[in-house]
Amino acid sequence: MGDRSKIDSLLKDYPNLKCDRVYLRGISFVHQILTLEYWKEEKFKPLLTSNIWSSSYEDIKNILEMKEWEEEKFKSLLTSTIWNSSYEEIKNILKMQEWEEEKFKP
């Protein structure tokens with residue numbers, strides 16, 4: 001079985017994750033991403049989209065591990081477009097002074 005078939009097999013329960021990019025990432029990478037424990041958490045499930053294949057494993061893991069996702073004011077940022085940014089970019093956005101404004105306070 002070739003890599004393409006193996007990737008298809010891994011994605012059998014995730015048809016929305018199939019795209020040309022996934023086949024460029026390789027079987028090991030796809031397996032690593034799909035087996036991350038974070039996908040069991042409701043808040044992260046919507047992030048598992050084909051956009052994820054644009055990010056590195058390190059960025060994905062670091063983004064999902066950010067403690068800021070526990071704060072209500074940041075939860076609206078948890079969308080699949082998050083994978084269009086790097087971990088460093090997201091970290092800088094979350095550190096912006098504007099988040100301290102009254103409109104973002106609970």
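**Close-up 1. R25 reaches over the ring of F29.** In this predicted model, the charged end of R25 sits over the F29 ring, 3.9 Å from the ring's centre. You can spot a second arrangement of this kind at R4 and Y23: here the charged end of R4 sits over the ring of Y23, with 3.7 Å to the ring centre.

**Close-up 2. Y38 and F44 meet edge-to-face.** A quick reminder before you look: two aromatic rings are described by how far apart their centres are and by the angle between their planes. There are four aromatic pairs in the model. One of them joins Y38 and F44, with 6.0 Å from centre to centre and 90° between the planes. Are these two residues buried or exposed? Y38 is buried, because its relative accessible area of 17% is under the 20% cut-off. F44 is buried too, at just 2% relative accessibility.

**Close-up 3. W99 and F104 make a tilted pair.** The ring centres of W99 and F104 lie 4.6 Å apart, and the planes form an angle of 55°. Why does this pair count as tilted? The angle of 55° is neither under 30 degrees (stacked) nor over 60 (edge-to-face), so the pair is called tilted. W99 is buried, with 10% relative accessibility, whereas F104 is partly exposed at 27%. Now bring F74 into the picture: F74, W99 and F104 form one aromatic cluster.

**Close-up 4. Helix α4 has buried residues along one face.** Helix α4 runs over residues 57–65, and its buried residues are D59, I60, I63 and L64. Look down the axis of α4 and you'll find these buried residues within an arc of 125°, so they line one face of the helix. Here's a handy bit of background: an α-helix has 3.6 residues a turn, so residues three or four places apart point the same way. What do the buried residues of α4 pack against? Their partners are α3 (27–34) and α5 (87–94).

**Close-up 5. S85 sits in the loop between α4 and α5.** S85 is partly exposed, with a relative accessible area of 24%. Which residues does S85 touch, leaving out those up to four places away in sequence? The answer is I63 and I90. I63 is one of the buried residues of α4 that you met in the previous close-up. Along the chain, S85 and I63 are 22 residues apart, and their C-alpha atoms are separated by 9.8 Å.

Conventions. Residues are numbered from 1 along each chain as its sequence is written. This is a predicted model: local features need pLDDT of at least 70, side-chain atom pairs count only at pLDDT 80 or more; totals for chains, interfaces and linings use all residues. Side-chain values use heavy atoms; hydrogens and water are left out. Rings of Phe, Tyr and Trp (its six-membered ring) pair if their centres lie within 6.5 Å; planes under 30 degrees apart count as stacked, over 60 as edge-to-face and the rest as tilted. Buried means under 20% relative accessible area, exposed over 50%, partly exposed in between (1.4 Å probe, protein chains only). A charge sits over a ring if NZ of Lys or CZ of Arg is within 6 Å of the ring centre and within 35 degrees of the ring normal. Helices (H or I, at least four residues) and strands (E, at least two) are DSSP runs, numbered from the N terminus. The arc is that of the directions from the helix axis to the C-beta atoms. Contact means heavy atoms within 4.5 Å.
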